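Student: Could we go through this structure together, beginning with its charged pairs and then turning to its core?

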Amino acid sequence: MQWLQMNHSHRRTRSYQGLGVAMGAALLALAPGRVLPQTLADAEKLADLCGSHLDRAAYRDAVTVCNQALAMALPLAKASQRLGMEKFRAGQYRAALADFEEVQRIWIPLKKALLVRGIAYGMLGEPERTRNSTREATAANFLLAEAFINAAKAHVALGDRAAATRSFVEALENNQEALHAFRGNTEAAVAGRGNYLRGIAKAALADLGSPRGDRREACEAYRKAAALGYEPGVKWLASEEGAWCRAGASASQP
């Protein structure tokens, strides 16, 4: 299952069950600096190990270790995202960018553990858990899209428009993958969130002069998010910043 390596060039075979699920919760209490490098390495090892269990048909072990990887990686990603936003608001753009790039790295073991767990549940004959894990794996693309959007904003603040454009395009691509998978979904937390992120990326790329940007498409996405009741989309559309997108305004003008 080569595709399950998720950018890892080799597998580790040592057992890491002793790391424990409780380590994940402790990550949220980290001091407002960078997350511990060893913690990310541990999450990567656990994700590799759960893939190794899957390869040798040890499906229960795969589920157990995947859950340990997720208990570590998800809080780690959320902590890095939160720290990055705090630093961005404080004007510490380079430090914020490092945190957002950390989220992008954490996403690799996070997504892998979700995918492997879903396959393991399928092999164990548990369809509901298979569906839920697959759904969570797809939704993880929204987390990655947010990390790329935040990184792009940091690049803009640092004056690097080319890097910002690349990051916004990455956000658009990853977000679109999840939006397509959830195209029949009408939940604000899913379809609303996806359309809101699409609006941000499309509008920003238009402002940066990228052919991938389109203010009319951005406005349409923002309006969909608001119509679905997604709170950030509702607030944005009602704000001064969103005035150009409201009914009667020209969506082609900022």
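**Charged pairs and core**

Tutor: Let us begin in helix H4, residues 93-123, which holds both Arg 105 and Glu 102; the two are 3 residues apart, about one turn of the helix. Please keep in mind that this is a predicted model.

Student: What do the side chains of Arg 105 and Glu 102 form?

Tutor: They meet in a salt bridge, with N to O at 2.9 Å. As background, an α-helix has 3.6 residues a turn, so residues three or four places apart point the same way.

Student: Is Glu 102 buried or exposed?

Tutor: Glu 102 is buried, with a relative accessible area of 5%. Its partner Arg 105 is partly exposed, at 38%.

Student: How many salt bridges does the count come to?

Tutor: The count comes to 16 salt bridges. Another one of them joins the side chains of Arg 117 and Glu 136, at 2.7 Å from N to O.

Student: Which helices do Arg 117 and Glu 136 lie in?

Tutor: Arg 117 lies in helix H4 and Glu 136 in helix H5, residues 127-157, so this pair ties together parts that are 19 residues apart in sequence. Arg 117 counts as buried at 11% relative accessibility, whereas Glu 136 is partly exposed at 40%.

Student: And what does Arg 129 form with Glu 126?

Tutor: Those two form a salt bridge as well, their closest N and O atoms being 3.0 Å apart. Salt bridges with shared partners join Arg 60, Glu 126 and Arg 129 into one network.

Student: Back to H5: how many residues does it have?

Tutor: H5 has 31 residues and reaches 46 Å from its first C-alpha to its last, close to the 45 Å expected. After H5 comes Gly 159, whose phi is positive, near 85°.

Student: Changing topic, how many residues has the largest nonpolar core?

Tutor: The largest nonpolar core has 62 residues, and those with the most contacts inside it include Phe 168, Tyr 196, Trp 236 and Trp 244. Among the elements giving two or more residues to this core are H4, H5 and helix H6 (161-181).

Student: Which element gives the largest share of this core?

Tutor: That is H3, with 11 residues.

Student: What is Trp 236 in contact with?

Tutor: Leaving aside neighbours within four places in sequence, its contacts are Tyr 196, Tyr 222, Glu 241, Gly 242, Trp 244 and Cys 245. Apart from the largest core lies another, of 5 residues, among them Ala 96, Phe 100, Ala 151 and Ala 154.

How values were computed: Residues are numbered from 1 along each chain as its sequence is written. This is a predicted model: local features need pLDDT of at least 70, side-chain atom pairs count only at pLDDT 80 or more; totals for chains, interfaces and linings use all residues. Side-chain values use heavy atoms; hydrogens and water are left out. A salt bridge is a side-chain nitrogen of Lys or Arg within 4 Å of a carboxyl oxygen of Asp or Glu. Helices (H or I, at least four residues) and strands (E, at least two) are DSSP runs, numbered from the N terminus. Buried means under 20% relative accessible area, exposed over 50%, partly exposed in between (1.4 Å probe, protein chains only). The expected span of a helix is 1.5 Å times one less than its number of residues. A nonpolar core is a set of buried Ala, Val, Leu, Ile, Met, Phe, Trp, Tyr and Cys residues joined through side-chain atoms within 4.5 Å. Contact means heavy atoms within 4.5 Å.
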